[in-house]
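Work through the exercises below with the structure open. Each task is followed by a solution in steps.

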Amino acid sequence: MTPPEPAETPTGSRSSRTATLAEIAREAGVSAPTVSKVLNGRADVAPATRSRVEELLRAHGYRRRRAEASRSPLIDLIFHELESAWAMEVIRGVENVARDAGLSVVLSESAGRLTPGRTWADQVAARRPHGVILVLSDLDESQRALLTSRSIPFVVMDPAGDPGVDVPSIGATNWQGGLAATRHLVDLGHTRIGAISGPKRMMCSRARIDGYRAALETAGLPAEPALLRTGDFHHEAGYRLGRELLSLPDRPTAVFAGNDLQALGLYEAARELGLRIPEDVSVVGFDDLPVSRWVGPPLTTVRQPLTEMAEAAARLVLELGRADGPAVATRVELATSLVVRASTAEPHTARQPVE
């Protein structure tokens, strides 16, 4: 049986003669139809076999032919978690660009994992979208190799870790945002400033807290470990950890909550403890979600341009898909800015919380 024509064209090789698919199959220890399945993005190939075949295809210089014509009119958008107003701002931005390009958006979630499962990668390879945008997620080496072999470009938005110099990414100036939030509280006269960070495994969370520490150090104030809590960017963590901070015998007079959802949890903790915002405790968030304008009092926060970041990620992934030849990796950071509202004020004489 003659295998189907290859979906890729050799552009170079390890020798002067380009290997045939049959020769690649022999070298990989598989059949020629299996090599054809890998070339065509079929899901019914064992991961180890796929990786071995794809490595040989790359080594022999195979690249996809007529990739643009073979793509589905889709952009794949994957979140590590899909459950908050934060995600809605990102979806809105990607949809804006996709709609103008005549494309649809496929949403998926990796259930809190920072790397999606192998099944997801196989499904993406099979549907051949115009590109993939990963939010607070990343790909392992085999997943990157699979998408690259299918000529499917990908961009990481707000990367959880260091994506590497070869991975296009869109982020924000998180360190500068944490610095601006804390400096605002210092300028108001606060000297005991607490913080509720996000997960330590996320680069954006670490950068915000590093900015917080830098502002304190510049002002000659100690970054007291007792005033720092590690959260998870969810409302419940803001409530639980905020209650801990506000119940301390020498509680902080201001708290940088790390993101708006944790700030809203802190609002609830303060209310239950009989503390007023900002008279008894000033609060600063991060993100500037729409709800931050409507809570009482309106939340001072650091604006992270989420919709614009998502639009930039979508435009970049489409540009990478149109590029001829290997694209230059791109890393972009959009500016954050402090939005001062009514949740911050000069410190007043401390009142003890009411239990």
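**Exercise 1. Backbone outliers**

Task: Place Pro297 in the predicted model, and give the state of the peptide bond that joins Gly296 and Pro297.

Solution.
- Start with location. Pro297 sits in the loop between E11 and strand E12 (300-303).
- Now the bond. Gly296 and Pro297 are joined by a cis peptide bond, with omega about -5°.
- Repeat for Pro278. The peptide bond from Ile277 to Pro278 is cis, and omega is near 5°. Pro278 belongs to the loop between helix H11 (260-272) and strand E11 (282-287).
- Turn to phi. Arg128 is not a glycine, yet its phi is positive, about 50°. Its loop runs between helix H6 (118-127) and strand E5 (131-135).
- Why flag such sites? Most residues other than glycine have a negative phi, and most peptide bonds are trans.

**Exercise 2. H1 against H2**

Task: Classify the packing of helix H1 (residues 21-28) on helix H2 (residues 32-39).

Solution.
- Take the geometry. The two axes, of H1 and H2, come within 8 Å and cross at roughly 100°.
- Apply the cut-off. Angles of 65 to 115 degrees count as roughly perpendicular. H1 and H2 are therefore roughly perpendicular to each other.
- List the contact. H1 supplies Leu21, Ile24 and Ala25; H2 supplies Ala32, Val35 and Leu39.
- Sort by class. The contact of H1 with H2 has 6 nonpolar residues, no polar and no charged.

**Exercise 3. H3 against H7**

Task: Do the same for helix H3 (residues 47-59) and helix H7 (residues 141-149).

Solution.
- The axes of H3 and H7 come within 10 Å, crossing at roughly 55°.
- That angle makes H3 oblique to H7.
- Handedness: H3 passes H7 in a left-handed crossing.
- On the H3 side, Arg50, Ser51, Glu54 and Arg58 make the contact; on the H7 side, Ser142, Ala145, Leu146 and Ser149 do.
- By class, the contact of H3 with H7 divides into 2 nonpolar, 3 polar and 3 charged residues.

**Exercise 4. H8 against H9**

Task: Describe how helix H8 (residues 174-187) and H9 pack.

Solution.
- The axes of H8 and H9 lie 7 Å apart, at an angle of about 35°.
- The crossing of H8 and H9 is right-handed.
- H8 brings Asn174, Trp175, Gly178, Leu179, Thr182, Arg183 and Val186. Residues they meet in H9 include Cys204, Ala207, Arg208, Tyr212 and Leu216.
- The contact of H8 with H9 has 9 nonpolar, 4 polar and 3 charged residues.

**Exercise 5. Empty space**

Task: Which residues line the largest cavity, and which lie closest to the centre of the second largest pocket?

Solution.
- Count cavities of 30 Å³ or more. There is 1.
- Size the largest cavity. Its space is about 30 Å³.
- Read off its lining. Thr191, Arg192, Ile193, Tyr212, Leu216, Pro222, Glu224 and Leu227 line the largest cavity. They split into 5 nonpolar, 1 polar and 2 charged residues.
- Move to the second largest pocket. Its volume is about 290 Å³.
- Of its 20 lining residues, His80, Glu81, Trp86, Leu136 and Phe233 are closest to the centre of the second largest pocket.
- Helix H5 (85-100) and helix H9 (203-218) are the elements that give two or more residues to this lining.
- By class, the lining of the second largest pocket has 9 nonpolar, 4 polar and 7 charged residues.

Technical notes. Residues numbered from 1 in each chain as written. Predicted model: local features only at pLDDT ≥ 70, side-chain atom pairs only at ≥ 80, totals over all residues. Heavy atoms only, no water. Axes fitted to C-alpha atoms, helices over the stretch in contact; angles between N-to-C directions. Helix = DSSP H or I, 4+ residues; strand = E, 2+ residues; numbered from the N terminus. Parallel < 35°, antiparallel > 145°, perpendicular 65-115°, else oblique. Left-handed = near helix turned anticlockwise from the far one by under 90°. Contact = heavy atoms within 4.5 Å. Nonpolar A, V, L, I, M, F, W, Y, C, P; charged D, E, K, R; others polar. 1 Å grid on protein atoms, 1.4 Å probe; cavity = no way out; pocket = protein on both sides within 12 Å on 5 of 7 lines; lining within 4 Å. Points joined across faces, edges and corners; volume = space filled by probe spheres on them.
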